[in-house]
Amino acid sequence: MLSIFTKSQMYITAASTISHQPTFKNAGFSKLIEPLKIDSELISPNFKEYIDAGLLRRMSKILRMSVTAAKDCLQQAEVDQPGAIIVGTGLGCLQDTEKFLNNFLTIEGLLPPTSFIQSTHNTIAGQISLSIGNHGYNMTHTQNTLSFEHALIDAGLLLGEGNDNIIVGAADEYIEILSTIGEHLHVKPEVNLTSGASFFIVSKEQSGKSIAKIKDIETVGLVQDIQESIENFLINNTLKESEIDLVLYSDFNDLKDSGQVSDVFKRFENSSELINYTNIIGIYPSNSAFALHYAVDRIRDNNKIKSVLIINGLNKINLGLILIESIEA
Amino acid sequence: MDTLKEDLKKHIIEQLNLEDLQVSDIDDDALLFSTDGIGLDSIDALELIVLMEKYYGIQVTNPEEGKVAFLSINTMADYIAKRRT
């Protein structure tokens, strides 16, 4: 179990998401979006407005999404250089990995280097840094469905050490072979496999640009008792279920109705709004980063929402918990 | 020679994903690695080495030779013509 530690606050001063929903540069999107349609596609902005043509030509989908969302955050926060760049990704740069492996299998002689170089998970954080000329702390966390939570914990630790205005986010990309592999494994999710990138600027001090604050983060690998973990997390934050206004949860087989956590969800149901965010954004390993943006957007839009709990149970052996509060809370 | 230069430009555009460029946009004597020319970089240099082997069966093993050969389309075409004979 890993949790955030420090009493330092983490204020969110900017948020940006590129996804299969109209989330990009669309404050208030949480009011408008509907459950994901079966034929949904990635909604791409004009990447040329954000990325130099020389860099853009080599970038795969995940790199274009991530660099654009990160630069949008910098614009929103009016920050030139972030104190650090921290990225979470479950599966990394799949397009380039697939391309490299296909080259490897089919080409005799020298292999083209670009897809090999860009197939590594840390290319995302690296390309963000290259595109803005940043030489600071640059870190990538890949922890399956808890990658984003680990990136956030890292950001919290760095804020505690004095860094400020940190870019933290997560991204994953869908490629066709994921569906093929799913078919071979006889896994057919009810919700689409999708692509998405959500990035944020987090700061140690509250400012006029602060939208919300992250109060706590906890990850539990090989989780034994989800219900107990959620209850303990709330106790550690001196909160009762009734004090959570909005619960955003994600799971593969609908955790809420599985019987595993029925009691805690029943208690939430009496006082909180419950939303399965996977039904909105689709399935990708780091989709809890979208949930954070969704929470921030709801808080910005509705001053009655003071506390939001994200329960990431996308992978049933991993549990991620993020507690977000409005600035006024 | 002109056909070779045209082919070379097509391969470079494709291999390096120069999606905004047409064959007609690349002058034969434009400097490939200068921002005043095509603006290629070190990763592109590696891609050009692969391109030379893939399409022309030429292995560029001497870095100094490559530096001169990859100056422009003209120098690349000359290099290919010489290595083929």
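In the predicted model described here, residue A:N303 is placed in the loop between α12 (288-301) and β10 (307-313) of chain A. Because A:N303 has 10 C-beta neighbours inside 10 Å, and a residue with 12 or fewer is taken as exposed, this loop residue counts as exposed. Between the C-alpha atoms of A:N303 and A:I107, which are 196 residues apart along the chain, there is a separation of 58 Å.

That distance can be set beside the overall dimensions of chain A, whose C-alpha trace spans about 65 × 45 × 35 Å along its principal axes. Chain A contains 12 helices and 11 strands. Its radius of gyration is 19 Å, close to the 20 Å that the globule rule gives for 329 residues, so chain A is as compact as a globular protein of that length. Of the 329 residues in chain A, 51% are buried. When contacts in chain A between residues at least 6 apart in sequence are considered, 78% of them join residues at least 24 apart.

An example of a covered element is strand β3 (residues 84-88) of chain A, in which five of the five residues are buried. From β3(A), the residues A:A84, A:I86 and A:G88 point one way, whereas A:I85 and A:V87 point the other way, and all of these residues are buried. Strand β3(A) runs parallel to strand β4 (residues 137-141) of chain A, to which it is joined by five bridges, and in this pairing A:I86 stands opposite A:M139 of β4(A). A parallel arrangement is also found between β3(A) and β5(A), which are joined by four bridges; here A:V87 has A:G169 in β5(A) as its bridge partner.

At the level of domains, the assignment for chain A gives domain 1 (11-203) and domain 2 (212-326), and the C-alpha centres of these two domains of chain A lie 22 Å apart. The contact between them involves 44 residues of domain 1 of chain A and 33 residues of domain 2 of chain A. On the side of domain 1 of chain A that touches domain 2 of chain A, at least two residues each are supplied by β2 (10-18), α1 (29-32), α7 (147-160), β5 (166-172) and β6 (196-203) of chain A. Helix α7(A) gives the most to this side of domain 1, with seven residues. Sorted by class, the side of domain 1 of chain A that touches domain 2 of chain A consists of 20 nonpolar, 21 polar and three charged residues.

The model also includes a contact between chain A and chain B, to which chain A contributes 11 residues and chain B contributes 11 residues. On the side of chain A that touches chain B, α2 (53-56) and α5 (113-117) of chain A each supply at least two residues, and α5(A) gives the most, with three residues. By class, this side of chain A comprises six nonpolar, three polar and two charged residues.

For chain B, an unreviewed UniProt entry carries the annotation "domain: Carrier", which covers residues 2-84. Over residues 2-84 of chain B, the chain is 58% helix and 0% strand, and the C-alpha atoms at the two ends of this stretch are 16 Å apart.

Technical notes: Residues numbered from 1 in each chain as written. Chains lettered and ligands numbered in written order. Predicted model: local features only at pLDDT ≥ 70, side-chain atom pairs only at ≥ 80, totals over all residues. Domains from an automatic or database assignment. Contact = placed C-beta atoms within 7 Å. Nonpolar A, V, L, I, M, F, W, Y, C, P; charged D, E, K, R; others polar. UniProt positions renumbered as here; feature names shortened; annotations may be inferred. Rg over C-alpha atoms; globule rule 2.2 N^0.38 Å. Buried ≥ 20, exposed ≤ 12 C-beta atoms within 10 Å, placed from the backbone. Pairing = 2+ DSSP bridges.
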